[in-house]
Amino acid sequence: MVQNAGTVQWIAFAAAFLAIAVWETVSPLRDPKVSTPKRWGIHLVLLVLSGVLESFVLRITPLAAALAAPGWGLLRNLPTAAQWAAAILLLDLVHYGTHRLYHRVGFLWRLHSVHHSDPDFDVSTAVRFHPLEVILTSAIYVAAILVLAPPPAAVAAAELHTTLLNFFAHANARLPARASALLGRILITPGLHRLHHSIREQDQGKNLGQTFVWWDRLFGTYGPEPASGPVSDVGLEEASPEQATRIWFLFAEPFQPPEKR
Ligand SMILES: [Zn+2]
């Protein structure tokens, strides 16, 4: 089961990435500031390294964690439908909480700033993470699964929609305003997530959700898409486009003492 789910996950990952990349090519929203091949090369290195290190360090996938979860798991005794609903919602809440933590705690922010330092915003930004952030995020997620003991199939479904929505939310593509407003009642849309990547510091604490927009609305971190449309300036003021496209800078920056940053 774990092996088959892993294969499905990789096929969904590749298909979703390609679908969004085609959408961005056919209907691009903003022209890139820096070379796209250069950025995509860096993001590929980060993706591969993160994947290798994650499997080496953690040695357990979310699905394997669900299959190995203890009998006292918090969702175990609920009716099946309630187990599924709680699993889908609570696992998304774990993503929201983890993301919020990355924006609140100094060292975690320095790790997460690798993601935000991207001077452009497109489907490849969805995999631009410091490997240590990927490992930490997965460790928190796996721990939550062990405590909750959700149905393994619900974990597989959550993994799938998280992957799809992660690529969708980073799309640099035109989405009609009406469709964006409708979808934005339920999901984190590209316009809402683009606001989170705004160069303006006060916007970076908004729209921290992974899939559903409800957590941001519930916990006061929701920020509507500007009436003028998706924000144009993304990235971090403290990281120049030149620095943000140097792979060694990205690896080392979180560990630099404050005076050297
Ligand atoms: Zn963030």
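Helices α2 and α6 of this predicted model are oblique to each other, because their crossing angle falls in none of the other classes (under 35 degrees roughly parallel, over 145 roughly antiparallel, 65 to 115 roughly perpendicular, the rest oblique). The axes of α2 (residues 36–58) and α6 (residues 131–148) cross at roughly 45 degrees and come within 9 Å; axes are lines fitted to C-alpha atoms, for helices over the stretch in contact, with angles from 0 to 180 degrees between N-to-C directions. The crossing of α2 and α6 is right-handed, the near helix being turned clockwise from the far one by less than a right angle. On the α2 side the contact involves Leu-46, Leu-49, Ser-50, Leu-53, Glu-54, Val-57 and Leu-58, and on the α6 side Pro-131, Val-134, Ile-135, Ser-138, Ala-139 and Val-142; residues are in contact if their C-beta atoms, placed from the backbone, lie within 7 Å.

Residues are numbered from 1 along each chain as its sequence is written. As the model is predicted, local features need pLDDT of at least 70 and side-chain atom pairs count only at pLDDT 80 or more, whereas totals for chains, interfaces and linings use all residues.

A second helix pair is formed by α4 (residues 80–104) and α7, whose axes come within 9 Å and cross at roughly 45 degrees. This pair is therefore also oblique, and α4 passes α7 in a right-handed crossing. Gln-83, Trp-84, Ala-87, Ile-88, Leu-91 and His-95 of α4 meet Ala-154, Val-155, Ala-157, Ala-158 and Thr-162 of α7 in this contact.

The chain as a whole contains 12 helices and zero strands, assigned as DSSP runs (H or I, at least four residues, for helices; E, at least two, for strands) and numbered from the N terminus. The radius of gyration, taken over C-alpha atoms, is 18 Å, close to the 18 Å of the globule rule (2.2 Å times the number of residues to the power 0.38) for 261 residues, so the chain is as compact as a globular protein of that length. The C-alpha trace spans about 50 × 45 × 35 Å along its principal axes. Of contacts between residues at least 6 apart in sequence, 75% join residues at least 24 apart.

Buried residues account for 37% of the 261 residues; a residue is buried if 20 or more other C-beta atoms lie within 10 Å of its own, exposed if 12 or fewer, and partly exposed in between. The largest nonpolar core (buried Ala, Val, Leu, Ile, Met, Phe, Trp, Tyr and Cys residues joined through C-beta atoms within 7 Å) has 20 residues, of which Ile-20, Val-123, Phe-129, Phe-167, Phe-168 and Ala-171 touch the most other members. Two or more residues each come from α5 (106–116), α7 (152–169) and α9 (190–196), and α7 gives the most, with four. Beyond its neighbours within four places in sequence, Val-123 contacts Phe-17, Ile-20, Ala-21, Glu-24, Phe-167, His-170 and Ala-171. Another core, of 16 residues, lies apart and includes Ala-65, Ala-87, Leu-91 and Ala-149.

Ala-149, in the loop between α6 and α7, has a positive phi of about 50 degrees although it is not a glycine. This residue counts as buried because it has 23 C-beta neighbours inside 10 Å. Asn-207, in the loop between α10 (201–204) and α11 (214–218), likewise has a positive phi, near 55 degrees, and counts as buried with 27 such neighbours. By contrast, Ala-14 in helix α1 (residues 2–26) counts as exposed, because it has 10 C-beta neighbours inside 10 Å.

How values were computed
Contact = placed C-beta atoms within 7 Å.
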